[in-house]
Amino acid sequence: QTRPRLLWLLVGIIFIFYEAFAIPLTMCFEVTPTGIFFVVSSIINCFFLADIVSNFFTGYMNKDGNAVLDPPLVAKKYMQTWFVLDVVASTPLDWFNLDSGVPNQLRMIRFLRLLRIARLIRIMKV
C-alpha cells in the first residue's frame, strides 16, 4: 500500500500548490471560478473531502516508533490532531454562492482554504 499512498500524497501536494496560487488570484480579482476552473476546483474539493475520509484509515507512528493501525486509535488520533483543520480547509466554498449579496468580509472566508498549505507540514512529516 505504500505506492498508492505516495501517489495520493503527490496528487495532494500538486493540488495544494495549485490552490496556493489560484486562491489569492481569485480573491484579488474578485472572480468566481467558472468553466474549466470550476471543474478543476471541484475535483480538488472532492479530493480533499475524500482525503478526510482516508485519514480515518491511515495509520500513524506512535512515540515508540511503532505503526498504529487499529481503526479506533487511528480515528481518535486524527480527530485530536488534524481533523478540524482539514474540515475547515476542505469546505467546498465554491459550491455555495458566496458572491451574491454577501459582504466582502464574508468572502474572505475563501482564504480558509489556504489552510490546506498546512497539510504540507503533515506530509513533510511522512
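Two residues are said to be in contact when heavy atoms of theirs lie within 4.5 Å. With that idea in hand, let us walk through this structure, which is a predicted model. A gentle place to begin is Ala-67, a residue of strand 2, the stretch covering residues 67-68. Setting aside its neighbours within four places in sequence, Ala-67 is in contact with Tyr-60 and Met-61. Is Ala-67 buried or exposed? Its relative accessibility is 51%, and a residue counts as exposed when that value is over 50%, so Ala-67 counts as exposed.

Now let us step back to the whole chain. The chain holds six helices and two strands. Following the sequence from its start, you meet them in the pattern α-α-β-β-α-α-α-α. The chain has 126 residues, and 32% of them count as buried. If you take the contacts in the chain with a separation of 6 or more, 74% of them are between residues 24 or more positions apart.

The helices are our next stop, and a little background helps here. Two packed helices are described by the angle between their axes and the distance between the axes. Take helix 1 (residues 2-28) and helix 2 (residues 36-55): their axes come within 11 Å and cross at roughly 135°. This angle makes helix 1 oblique to helix 2. As for handedness, helix 1 passes helix 2 in a left-handed crossing. On the helix 1 side, the contact is made by Arg-5, Trp-8, Val-11, Gly-12, Phe-15, Ile-16, Tyr-18 and Glu-19. On the helix 2 side, the residues are Phe-37, Val-40, Ile-43, Ile-44, Phe-47, Phe-48, Ala-50, Asp-51, Ser-54 and Asn-55. What kinds of residue make up this contact of helix 1 with helix 2? They divide into twelve nonpolar, three polar and three charged.

Let us stay with helix 1 for a moment and look at two residues in it. Glu-19 lies in helix 1, and with a relative accessible area of 3% it is buried, because buried means under 20%. Not counting residues up to four places away in sequence, Glu-19 touches Pro-24, Ile-44, Arg-113, Leu-114 and Arg-116. Ala-20 is also found in helix 1, and at 25% relative accessibility Ala-20 counts as partly exposed. With residues up to four places away in sequence left out, Ala-20 touches Leu-114 and Ile-117. How many residues apart in sequence are Ala-20 and Arg-113? They are 93 residues apart, while their C-alpha atoms are 8.9 Å apart in space.

Helix 2 deserves a visit of its own. This helix has 20 residues and reaches 28 Å from its first C-alpha to its last, close to the 28 Å expected at 1.5 Å a residue. Several of its residues are buried, including Ser-41, Ser-42, Ile-44, Asn-45, Phe-47 and Phe-48. Asp-51, Ile-52 and Asn-55 of helix 2 are buried as well.

Helix 2 has another partner to meet. It packs with helix 4 (residues 83-90) at an angle of about 165°, with the two axes 9 Å apart. That angle makes helix 2 roughly antiparallel to helix 4. The crossing of helix 2 and helix 4 is left-handed. Here Phe-48, Leu-49, Ile-52 and Asn-55 in helix 2 meet Phe-83, Asp-86, Val-87 and Ser-90 in helix 4. The residues of this contact of helix 2 with helix 4 divide into five nonpolar, two polar and one charged.

Our tour ends with Arg-122, which is found in helix 6 (residues 118-125). Arg-122 is buried, with a relative accessible area of 15%. Which residues does Arg-122 touch, not counting residues up to four places away in sequence? They are Asp-51, Asn-55, Tyr-78, Trp-82 and Asp-86. Two of these names, Asp-51 and Asn-55, appeared in the contact of helix 1 with helix 2, and Asp-86 of helix 4 was listed where helix 2 meets helix 4. Arg-122 and Trp-82 are 40 residues apart along the chain, and their C-alpha atoms are separated by 8.7 Å.

Conventions:
Residues are numbered from 1 along each chain as its sequence is written. This is a predicted model: local features need pLDDT of at least 70, side-chain atom pairs count only at pLDDT 80 or more; totals for chains, interfaces and linings use all residues. Side-chain values use heavy atoms; hydrogens and water are left out. Axes are lines fitted to C-alpha atoms, for helices over the stretch in contact, and angles run from 0 to 180 degrees between N-to-C directions. Helices (H or I, at least four residues) and strands (E, at least two) are DSSP runs, numbered from the N terminus. Angles under 35 degrees count as roughly parallel, over 145 as roughly antiparallel, 65 to 115 as roughly perpendicular and the rest as oblique. A crossing is left-handed if the near helix is turned anticlockwise from the far one by less than a right angle, and right-handed if clockwise. Ala, Val, Leu, Ile, Met, Phe, Trp, Tyr, Cys and Pro count as nonpolar, Asp, Glu, Lys and Arg as charged, and the others, Gly among them, as polar. The expected span of a helix is 1.5 Å times one less than its number of residues. Buried means under 20% relative accessible area, exposed over 50%, partly exposed in between (1.4 Å probe, protein chains only).
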